[in-house]
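Hi everyone, thanks for coming. Please take a look at the structure on the screen, and I'll walk you through a few parts of it.

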Amino acid sequence: MDKYVIVGNPIAQSKSPFIHTLFARETEQKMTYETLKGSLGSFKEEISVFFTNGGRGCNITVPFKEDAYAIATVLTERACLAGAVNTLKKLDDGGILGDNTDGVGLVHDLLSKHVRLNGAKILLVGAGGAARGVVYPLLKHNPQQLVIANRRVNKAETLASLFADHSMDNISASSFDDLSELKFDVVINSTSASLSNQYPNIPASVFDKDTVVYDMVYGSGMTSSNQWAIEMGASRVIDGLGMLVGQAAESFTIWRKIRPKTSQVLRALRLKLAEQT
Ligand code: ATR
């Protein structure tokens with residue numbers, strides 16, 4: 001059996017074993033996928049032991065995505081631009097490939113839900129690691145505008161400047177206040193606000209009747225940020241569960257060279273979340 005793990009700390013809450021076990025069943029792959037609680041300070045050694053003992057690949061989550069970036073011997077372009085790695089794969093020559101599938105997971109989920117990115121005015125709220133991972137995959141879909149807004153505007157400016165070379169002048173940074181004259185087709189919330197039942201305090205005027213809002217956070221019910229966006233006039237809200245399944249599908253394809261279907265897994269996961277409450 002080929003061995004895969006997700007490494008993080010904490011890790012018990014991870015949905016990835018559930019998702020990948022369903023993918024493996026559907027695509028008839030002989031593999032195991034488990035959680036591995038990484039130790040702060042010895043991540044590199046633990047990954048090395050895993051691969052020496054026959055491990056084939058791993059997903060990496062908080063707080064080890066930058067450490068994984070540092071230990072990969074080959075990086076994809078999107079991982080380089082994200083500055084973080086969520087997928088490692090043992091290569092035939094003994095090297096370790098580092099990739100980042102978070103951004104394509106988001107993009108696949110949006111496109112599968114018929115949200116137009118090409119030519120769209122997109123607002124990305126937040127400027128942490130979660131935002132950085134999705135900028136390049138979004139830019140590849142040629143939005144008319146990608147505005148990054150953050151509570152602390154200097155972080156948004158730094159993030160936008162990292163991608164200026166990869167954009168046709170369609171990326172910019174903004175404070176929350178300076179958004180008040182603008183409207184967007186798509187608002188993507190990469191902040192952790194919903195995790196503490198809050199919402200990013202952007203001007204409600206950014207939403208109009210056609211605005212689609214995407215919160216990267218997910219839960220059993222509607223996230224607090226999405227709830228607020230609906231109250232402020234957004235037409236449609238989506239949570240981040242589809243992004244989770246989308247990034248997993250992309251990692252699985254990198255490892256197994258076969259693309260799993262995602263819709264049934266997403267439904268099963270939604271049910272599982274509802275049962276847990
Ligand atoms: P991650 O890797 O998940 O992006 P992070 O690097 O800690 O985590 O970044 C968290 C992001 O959420 C930041 O953009 C943060 O804004 P600041 O840089 O101004 O702190 C944002 N954030 C968290 N809680 C927020 C809230 N209640 N309102 C607005 N932004 C919030």
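Let's begin with helix 2, which runs over residues 43-52 and has Phe43, Ile47, Phe50 and Phe51 as its buried residues. Where do these sit around helix 2? They are on the same side of helix 2, because they cover an arc of only 95° around its axis. I should say right away that this is a predicted model.

So what do the buried residues of helix 2 pack against? Their partners include two elements numbered close to the start of the list, strand 1 (2-8) and strand 3 (55-60). The others are helix 3 (65-71), strand 5 (87-90) and strand 6 (96-99). If you follow the chain on past helix 2, you come to Gly54, which has a positive phi, near 100°.

Now let's visit two single residues. The loop between strand 1 and helix 1 (16-27) is where you'll find Ser14. Is Ser14 buried or exposed? Its relative accessibility is 18%, and buried means under 20%, so Ser14 counts as buried. Leaving out residues up to four places away in sequence, Ser14 touches Ile6 and Thr35. For a sense of distance, try Asp169: it is 155 residues from Ser14 along the chain, and their C-alpha atoms are separated by 38 Å.

Our second residue is Glu231, which belongs to helix 8 (residues 224-231). Glu231 has a relative accessible area of 54%, and the cut-off for exposed is over 50%, so Glu231 is exposed. Measuring tape in hand, so to speak, you would find Glu231 and Ala204 to be 9.2 Å apart, C-alpha to C-alpha, with their positions 27 residues apart in sequence.

Let's zoom out to the whole protein. How many helices and strands does the protein have? There are ten helices and twelve strands. The C-alpha trace spans about 55 × 40 × 30 Å along its principal axes. A compact globule of 277 residues would have a radius of gyration near 19 Å, and the protein agrees with that because its own value is 19 Å.

Of the 277 residues, 52% count as buried. The accessible surface comes to about 13200 Å², and carbon and sulfur atoms make up 50% of it. Among contacts with a separation of 6 or more, 69% are between residues 24 or more positions apart. Lastly, the charges: there are 29 positive and 28 negative ones, and their mean positions are 6 Å apart.

That's my tour, and I'm happy to rotate the view for anyone.

How values were computed. Residues are numbered from 1 along each chain as its sequence is written. This is a predicted model: local features need pLDDT of at least 70, side-chain atom pairs count only at pLDDT 80 or more; totals for chains, interfaces and linings use all residues. Side-chain values use heavy atoms; hydrogens and water are left out. Helices (H or I, at least four residues) and strands (E, at least two) are DSSP runs, numbered from the N terminus. The radius of gyration is taken over C-alpha atoms; the globule rule is 2.2 Å times the number of residues to the power 0.38. Buried means under 20% relative accessible area, exposed over 50%, partly exposed in between (1.4 Å probe, protein chains only). Contact means heavy atoms within 4.5 Å. Accessible areas come from the Shrake-Rupley method with a 1.4 Å probe; for residues, only the protein chains shown count as cover. Lys and Arg count as positive and Asp and Glu as negative; His and the chain ends are not counted. The place of a charge is taken as NZ of Lys, CZ of Arg, CG of Asp or CD of Glu. The arc is that of the directions from the helix axis to the C-beta atoms.
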